[in-house]
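Got your viewer open? Let's take a walk through this structure, one selection at a time.

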Amino acid sequence: MEPEPVFTERFTDARLGADLLWRDVRIERFPAPAPALFLDRDGVIVEEKLYLSNPDDTELLPGVDELIRAAHELGMAVVEITNQAGIAHGYFGWPEFVRVEKRLANVLSERGVGADAVFACPFHPQGRPLYRHENHPWRKPNHGMILEAARLMNLALDGSVLIGDKVSDLEAGRAAGLLLGVHVLTGHGREHEAASRALASARFPVTVVASAREAVRLLPGYASRHV
Ligand SMILES: [Mg+2]
């Protein structure tokens with residue numbers, strides 16, 4: 001029998017696991033469960049650019065720095081969770097992802113803020129062999145990235161909020177049992193608004209806001225429900 005071809009990823013980085021999943025946790029594990037603000041990246045933190053891979057195309061959306069600051073003031077961890085199917089499709093690789101993330105971290109740092117962790121899923125059902133997966137548990141709408149963040153960082157998911165521009169973001173938040181989903185109208189937000197609204201339930205309310213800036217005012221009401 002012919003041996004199965006072996007595909008490997010040549011890029012190495014301590015944050016890239018042998019399972020080809022990205023885990024960049026920048027803070028110590030919380031001693032007691034802490035609430036988190038989960039943020040999708042493309043279309044929520046930065047302008048949607050269709051497979052963003054050039055750091056020069058990284059444009060912070062208005063109000064994101066205020067949002068991160070507000071979450072931190074409320075004792076929430078800030079966690080970016082991003083599907084990066086561009087890697088599965090071969091449009092770019094981990095080095096480009098790293099350069100974009102570095103630029104983003106620098107831009108945020110100039111404003112005195114930053115994410116506490118970044119999780120990324122490169123898998124896609126139609127990806128090239130190494131990154132092809134029918135239904136990866138980390139790929140949103142699945143909630144694997146949220147569960148992994150909770151496990152590594154000690155997060156209280158029932159006190160946590162997610163902000164996304166696609167219904168798949170909100171579905172992941174609902175599956176994880178988060179307290180609130182916020183749908184922003186930046187990125188793909190307008191096309192996905194109706195579908196995200198349709199997900200709302202008593203257990204998982206969904207609030208629609210224009211942008212990250214408008215989400216700032218929602219946080220205090222929810223953060224205070226935890227504790
Ligand atoms: Mg998005």
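Start by selecting G177, the residue with a positive phi, near 75°, that follows helix α5. Keep in mind as you click around that this is a predicted model.

Now step back along the chain and select α5 itself, residues 167–175. Is this helix mostly covered or mostly open? Mostly covered: seven of its nine residues are buried. Colour them to see the pattern: V167, D169, L170, E171, A172, G173 and R174. What is doing the covering? Show β2, β5, β6 and β7, along with the helices α4 (144–153) and α6 (189–199), which are all among the elements that cover those buried residues.

Next, keep α5 on screen and add α6. The two helices pack at an angle of about 15°, with their axes 9 Å apart. Because that angle is under 35 degrees, α5 counts as roughly parallel to α6. Their crossing is right-handed. Which residues meet here? On the α5 side, pick V167, L170, E171 and R174; on the α6 side, pick H192, A195, S196 and L199. Here's a handy bit of background for looking at those picks: an α-helix has 3.6 residues a turn, so residues three or four places apart point the same way.

Time for the sheet. Select the strands and trace the order β1-β4-β3-β2-β5-β6-β7: this is an open sheet of seven strands with mixed pairing. At the edges you'll find β1 (22–25) and β7 (206–209), each pairing on one side only. Neighbouring strands are turned by 15° against each other on average, ignoring direction. Bring α5 back into view and you'll see that it packs on this sheet, touching β2 (36–39), β5, β6 and β7. The direction of α5 makes about 165° with that of β5.

Zoom in on one strand pair: β5 (residues 161–164) and β6 (residues 180–184) run in the parallel sense and pair over four bridges. To find one of the matched residues, select V161 and look across to L180, its bridge partner in β6.

Finally, zoom out to the whole chain. In total, the secondary structure comes to eight helices and seven strands. The C-alpha trace spans about 60 × 40 × 40 Å along its principal axes. How many of the 227 residues are buried, as a percentage? Buried residues make up 44%. The radius of gyration is 17 Å, which agrees with the value near 17 Å for a compact globule with 227 residues. And of the contacts with a separation of 6 or more, 70% come from residues 24 or more positions apart.

Conventions. Residues are numbered from 1 along each chain as its sequence is written. This is a predicted model: local features need pLDDT of at least 70, side-chain atom pairs count only at pLDDT 80 or more; totals for chains, interfaces and linings use all residues. Two strands pair if DSSP finds at least two bridges between them. Axes are lines fitted to C-alpha atoms, for helices over the stretch in contact, and angles run from 0 to 180 degrees between N-to-C directions. Two residues are in contact if their C-beta atoms, placed from the backbone, lie within 7 Å. A residue is buried if 20 or more other C-beta atoms lie within 10 Å of its own, exposed if 12 or fewer, and partly exposed in between; C-beta atoms are placed from the backbone. The radius of gyration is taken over C-alpha atoms; the globule rule is 2.2 Å times the number of residues to the power 0.38. Angles under 35 degrees count as roughly parallel, over 145 as roughly antiparallel, 65 to 115 as roughly perpendicular and the rest as oblique. A crossing is left-handed if the near helix is turned anticlockwise from the far one by less than a right angle, and right-handed if clockwise.
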